[in-house]
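Thanks for sharing this one. Here are a few notes to read alongside the coordinates, in no strict order of priority.

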Amino acid sequence: MAKAVSSATTSLFQTLRRYLKKPWEITGPCAHPEYRSAVPGALEYRLESPATTKLQACVPTSNPETVYDIKYYTRDQRRNRPPIRRTVLGKADVEKLMKEKTFDDSDFPRVYLTAALEEDENARGGGYQK
């Protein structure tokens, strides 16, 4: 008799559940008959823990000469340059260099404007067009 009462209660509950809906299931995307909840059930979510795997990991192995090295610093050509040589000049060294150095006209760039500008004072409007 208890079993019949529990099945009747379950049946009644299922019938009421079909007609009484949560407010967000009445309208919106949840009200569509094809809507499936994105939240997985407790039995669907993470059937096995990440630490226990059924399959062994397949690790590819090869000759070290034929494997492409993905590390950046081994391919960085700036690291292969010889170190920059720096020399610190004292005041005596600079004075000695300045005495040895003689400057010539060819050491400097040519002057851009070498001829004088000639303006025509008698031009109509001072040479400007209107």
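1. Let me begin with a lysine: Lys-54 has a relative accessible area of 73%, so this residue counts as exposed. Please keep in mind throughout that the model is predicted.

2. The partner of Lys-54 is Glu-48: the two form a salt bridge, with 4.0 Å between the closest N and O atoms. Glu-48 is partly exposed, at 39% relative accessible area. Searching the whole structure turns up 1 salt bridge. As background, side chains of opposite charge can pair when their charged atoms come close.

3. On the overall fold, the protein contains 4 helices and 0 strands, and its elements read α-α-α-α from the N terminus on. Of the 130 residues in the protein, 1% are buried. The accessible surface amounts to about 14500 Å², and carbon and sulfur atoms account for 57% of that.

4. You may enjoy the nonpolar patch on the surface, formed by Leu-89, Val-94, Leu-97, Met-98, Phe-103 and Phe-108. Together these residues have about 610 Å² of accessible area. One of them, Leu-89, sits in the loop between helix H3 (72-75) and helix H4 (91-100).

5. Which aromatic contacts does the model hold? A search of the whole structure finds 1 aromatic pair. The ring centres of Phe-103 and Phe-108 are 6.0 Å apart and the planes meet at 35 degrees, so the pair is classed as tilted. Phe-103 also belongs to the nonpolar patch, and this residue counts as exposed because its relative accessibility is 52%, where exposed means over 50%.

Definitions and conventions. Residues are numbered from 1 along each chain as its sequence is written. This is a predicted model: local features need pLDDT of at least 70, side-chain atom pairs count only at pLDDT 80 or more; totals for chains, interfaces and linings use all residues. Side-chain values use heavy atoms; hydrogens and water are left out. Patches are made of residues with over 30% relative accessible area and no salt bridge: like charges are joined within 9 Å, nonpolar side chains (Val, Leu, Ile, Met, Phe, Trp, Tyr) within 5 Å. Accessible areas come from the Shrake-Rupley method with a 1.4 Å probe; for residues, only the protein chains shown count as cover. A salt bridge is a side-chain nitrogen of Lys or Arg within 4 Å of a carboxyl oxygen of Asp or Glu. Helices (H or I, at least four residues) and strands (E, at least two) are DSSP runs, numbered from the N terminus. Rings of Phe, Tyr and Trp (its six-membered ring) pair if their centres lie within 6.5 Å; planes under 30 degrees apart count as stacked, over 60 as edge-to-face and the rest as tilted. Buried means under 20% relative accessible area, exposed over 50%, partly exposed in between (1.4 Å probe, protein chains only).
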